[in-house]
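Here is a set of short exercises to work through with the model open beside you. Try each task first, then follow the solution step by step.

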Amino acid sequence: SYRDKEKETNTNLTVRDALDEYIEVKTNVLSPASLKAYRTIRNSRLLLIKDIPITQLKTIDIQRAVNQDAIKLSRKSIKEGLALLKSACSMQDVEINIKKITLPPAQKKKQYIPTVDQILPLIIGTEIELPCLLAMWLSLRISEVRGLQFKDISEDGSTIYIRRTKIRLNNSDVVRENTKTVDSTRTNRLPPYLFKLIQQVPHNSPDDFIVPVYYEKIRRQFKQITSANGYDITFHTLRHEFATT
């Protein structure tokens, strides 16, 4: 029967096979970014057990793999690998108890985040002022910043609708007509200063993007500006600036 063949297949299915199949059956329901993250985890975590059949996988095998990864990977990275492993095995009706696995201790990172008053003078008047302020004032992710189109602005210019993302994957842009989560689709007030900046961006159609700049260019220029002034932060830190303010 089909069930017997499926059971026989599962008996020989390795961890690598289970991970591949788990990712493959979700290619149309997960975001490109999530799929890329899963593939990265598959290729870099728990490599010691990748060739073991999932029906023969023991807790001690997983612990050995975790122990090996702990040499170079953080607790968070290892947990991501275990979570994907558990999901992939569960989809094959093989349950593993990752609660029995001992993880390396968490390392608390202390990062100095400059104040808004320190950041603003660095970006005002630069090429990346608009994307930076959209992130800082409206709490937008870089994918949301790059996904904004002129038609997302209300007629009176007082609000902007965040409903789309643009992600850079494999050297090309992928546009998705949705945000990372349901709650992330939202309408924010648009400060007059930002509205004026947006109006200065040349465009021919309501479908044109407000920030038609590659992710890598924004990231690189932001890093150059902040590093030159002694700050070790990323573009995403601007969302933390919003939360702090």
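**Exercise 1. Is Ile 60 buried, partly exposed or exposed?**

Solution. Before starting, note that this is a predicted model, in which local features need pLDDT of at least 70, side-chain atom pairs count only at pLDDT 80 or more, and totals for chains, interfaces and linings use all residues. Residues are numbered from 1 along each chain as its sequence is written, and side-chain values use heavy atoms, with hydrogens and water left out.

- Step 1: Recall the classes: buried means under 20% relative accessible area, exposed over 50%, and partly exposed in between (1.4 Å probe, protein chains only).
- Step 2: Ile 60 has 47% relative accessibility, so Ile 60 counts as partly exposed.
- Step 3: Place the residue: Ile 60 belongs to helix α4. Helices (H or I, at least four residues) and strands (E, at least two) are DSSP runs, numbered from the N terminus.
- Step 4: Look across the sequence: Ile 101 is 41 residues away from Ile 60, yet their C-alpha atoms are 8.4 Å apart in space.

**Exercise 2. Find where the confidence is lowest and where it is highest.**

Solution. The score is pLDDT, the predictor's confidence in each residue, from 0 to 100.

- Step 1: Start with the whole chain, where the mean is 90 and 93% of the residues reach 70 or more.
- Step 2: The low end is helix α1 (residues 2-12), with a mean of 56.
- Step 3: The high end is helix α4 (residues 59-69), at 97.

**Exercise 3. Check the length of helix α3, then describe its buried residues and what follows the helix.**

Solution.

- Step 1: The expected span of a helix is 1.5 Å times one less than its number of residues. With 13 residues (32-44), α3 should therefore span 18 Å, and its end C-alpha atoms are indeed 18 Å apart.
- Step 2: The buried residues in α3 include Pro 32, Leu 35, Ile 41 and Arg 42.
- Step 3: Their cover includes α2 (15-24), α5 (75-91), β2 (165-169) and β3 (172-176).
- Step 4: After α3 comes Leu 46 with a positive phi near 55°. Most residues other than glycine have a negative phi.
- Step 5: Leu 46 sits in the loop between α3 and α4, and its relative accessibility of 4% makes it buried.
- Step 6: Now take Asp 93, another residue other than glycine with a positive phi, near 65°. Asp 93 is in the loop between α5 and α6 (116-123), and at 63% relative accessibility it counts as exposed.

**Exercise 4. Classify the ring pair of Tyr 22 and Tyr 38.**

Solution. Rings of Phe, Tyr and Trp (its six-membered ring) pair if their centres lie within 6.5 Å; planes under 30 degrees apart count as stacked, over 60 as edge-to-face and the rest as tilted.

- Step 1: The whole structure holds 3 aromatic pairs.
- Step 2: For Tyr 22 and Tyr 38, the ring centres are 6.1 Å apart and the planes are at 55°, so this pair is tilted.
- Step 3: Tyr 22 is in helix α2 and Tyr 38 in helix α3, so the pair ties together parts 16 residues apart in sequence.
- Step 4: Tyr 22 is buried at 7% relative accessibility, whereas Tyr 38 is partly exposed at 24%.

**Exercise 5. Which rings do the charged ends of Lys 166 and Arg 168 sit over?**

Solution. A charge sits over a ring if NZ of Lys or CZ of Arg is within 6 Å of the ring centre and within 35 degrees of the ring normal.

- Step 1: The charged end of Lys 166 is over the ring of Phe 209, 3.6 Å from its centre.
- Step 2: The charged end of Arg 168 is over the ring of Tyr 214, 4.1 Å from its centre.

**Exercise 6. Describe the surroundings of Arg 186 and Gln 221.**

Solution. Contact means heavy atoms within 4.5 Å. A polar contact is a pair of N or O atoms within 3.5 Å; within protein, one must be able to donate a hydrogen and the other to accept it, and residues adjacent in sequence count only if both atoms are side-chain atoms.

- Step 1: Arg 186 is in strand β4 (residues 186-189) and is buried at 18% relative accessibility.
- Step 2: Its side chain reaches the backbone oxygen of Ser 184 at 2.3 Å.
- Step 3: Not counting residues up to four places away in sequence, Arg 186 touches several residues, among them Glu 144, Tyr 161 and Arg 239.
- Step 4: Gln 221, in helix α10 (residues 215-228), is buried at 15% relative accessibility.
- Step 5: The side chains of Gln 221 and Glu 127 share a polar contact of 3.2 Å.
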